[in-house]
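Work through the exercises below with the sequence and the model side by side. Try each task before reading its solution.

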Amino acid sequence: MSSSELIALVPAAGGSQRFGGPKPKQYMPVAGKTVIECTLWRLQQGLKPDRIVVVLAPDDNTFLSLTALPPAVETLRCGGVTRAESVRNGLSALAKQCDDHDWIAVHDAARPCVPMACLQSLATVARKALAGESGALLAMPLTDTLKESTFDGVVTRACATPDRARFWSAQTPQMFRYGILCDALAQEGALSCTDESQAVERYCKRTGGALPLLLRGSLQNLKLTYAEDLLLVEAILAFQKEQRS
């Protein structure tokens, strides 16, 4: 069994521009709590990390007023303009507290429905992974037909149909060794990556390291993006509660 620590890192500094609600989506009420409270409880109960660290915007005045947080949640007020900046800033703030072989599981604050079994599969990787493994992420194989598009200046048209068998839809948590994730996010252009795995993939291809493992996620692991997604989140959480009872 590995002696490395497992740290859940939750970037929560975004302003939720696409959500369009009265407040950032992580603070919207759902199932008797806020979205982020549900997310943090899910991480504590399913992933069972050694630490949970939330990266907040420097001017966040809401988080500390929450009353249903799991015990011992830590906060860092070093969030950036983008998710990648928040993650990189959080890693820098943890530099004196982490070993290169520790695991960092980055999870969206707005994914409160990630199933326990998915989190447990990541925890198993952290416990049993070989020293050379870079990390793993939850993802779903595509089931819809995938289309490539082209825009002629007036309309958008379908121009190709790639083989969907090669493609997965990425979810979170995405879990990587601390040292590898730091090095990956320090690469030129890394802050434009849309998730941590993209940066690690580039880094491992350049260095010859092991590419990230893909672990099957779940359609229940919905990311709250638009206001109407709140209804789906409520329904999924209610379904999961019924299944556990």
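**Exercise 1. Which residues does Val54 touch, not counting residues up to four places away in sequence?**

Before starting, keep in mind that this is a predicted model.

Step 1. Leaving out those sequence neighbours, Val54 touches Val10, Ala12, Ile36, Leu40, Phe63, Val73, Glu74, Thr75 and Leu76.

Step 2. Next, place Val54 in its wider setting: the largest nonpolar core has 29 residues, and Val54 is among those that touch the most other members, together with Ile36, Leu40, Leu43, Leu47, Phe63 and Met175. Elements that each supply at least two residues of this core are E1, helix H1 (35-47), E4, E6, H3 and E7, and the largest share, 6 residues, comes from H3.

Step 3. Apart from this core lies another one of 23 residues, including Ile7, Leu76, Val200 and Tyr203. As a general background to both, nonpolar side chains tend to be buried together in soluble globular proteins.

**Exercise 2. Determine the order of the strands in the open sheet of 7 strands, and then follow the pairing through E6.**

Step 1. The order is E5-E4-E1-E6-E10-E7-E11, and the pairing is mixed. Because E5 and strand E11 (213-216) stand at the edges with a single partner strand each, one side of each of them has no neighbour in the sheet. From one strand to the next, the twist averages 30°.

Step 2. On one side of E6 in this order, E1 and E6 run parallel and are joined by 4 bridges, with Leu6 standing opposite Trp103. E6 is also joined to E10 by 4 bridges, but here the strands run antiparallel, and Trp103 stands opposite Arg177.

Step 3. Continuing to strand E7 (residues 135-141), one finds 6 bridges to E10, again in an antiparallel arrangement, and the bridge partner of Leu137 in E10 is Gln174.

Step 4. Strand E10 also holds Pro173, and the peptide bond leading from Thr172 to Pro173 is cis, with omega near 10°.

**Exercise 3. Which helices lie across E6, and which residues of E6 are buried on its two faces?**

Step 1. Helix H2 lies across E1, E4, E5, E6 and E10, and runs at about 140° to E1. Helix H3 (residues 116-128) lies across E1, E6, E7, E10 and E11, running at about 150° to E7.

Step 2. Both faces of E6 are covered, with Trp103 and Ala105 buried on one side and Ile104 and Val106 buried on the other.

**Exercise 4. Identify the buried residues of H2 and of H4, and state what covers them.**

Step 1. In H2 the buried residues are Ala84, Ser86, Val87, Gly90 and Leu91. Viewed down the axis of H2, these residues fall within an arc of 165°, and they therefore line one face of the helix.

Step 2. The cover over the buried residues of H2 includes strand E1 (6-12), strand E4 (51-56), strand E5 (74-76), E6, H4 and H5.

Step 3. For helix H4 (residues 178-185), the buried residues are Tyr178, Gly179, Leu181, Ala184 and Leu185, and their cover includes helix H2 (83-93), strand E6 (103-106), strand E10 (168-177) and helix H5 (196-207).

**Exercise 5. How many disulfides does a search of the whole structure find, and what surrounds the sulfurs of Cys38 and Cys98?**

Step 1. The search finds 0 disulfides. Cys38 is in none, since the nearest cysteine sulfur, that of Cys113, is 8.0 Å away, whereas a disulfide needs the two sulfur atoms within 2.5 Å.

Step 2. The sulfur of Cys98 has its closest cysteine sulfur in Cys182, at 7.7 Å, which is too far for a bond.

Step 3. Cys38 is buried at a relative accessible area of 10%, and Cys98 is buried at 14%.

**Exercise 6. Where do Lys48 and Ala72 lie, and are they buried or exposed?**

Step 1. Lys48 is placed in the loop between H1 and E4; although not a glycine, Lys48 has a positive phi of about 55°. Its relative accessibility is 60%, so Lys48 counts as exposed.

Step 2. Ala72 lies in the loop between E4 and E5, with a positive phi of about 65° although Ala72 is not a glycine. At 67% relative accessibility, Ala72 likewise counts as exposed.

Note on methods. Residues are numbered from 1 along each chain as its sequence is written. This is a predicted model: local features need pLDDT of at least 70, side-chain atom pairs count only at pLDDT 80 or more; totals for chains, interfaces and linings use all residues. Side-chain values use heavy atoms; hydrogens and water are left out. Buried means under 20% relative accessible area, exposed over 50%, partly exposed in between (1.4 Å probe, protein chains only). Contact means heavy atoms within 4.5 Å. The arc is that of the directions from the helix axis to the C-beta atoms. Two strands pair if DSSP finds at least two bridges between them. Axes are lines fitted to C-alpha atoms, for helices over the stretch in contact, and angles run from 0 to 180 degrees between N-to-C directions. A nonpolar core is a set of buried Ala, Val, Leu, Ile, Met, Phe, Trp, Tyr and Cys residues joined through side-chain atoms within 4.5 Å.
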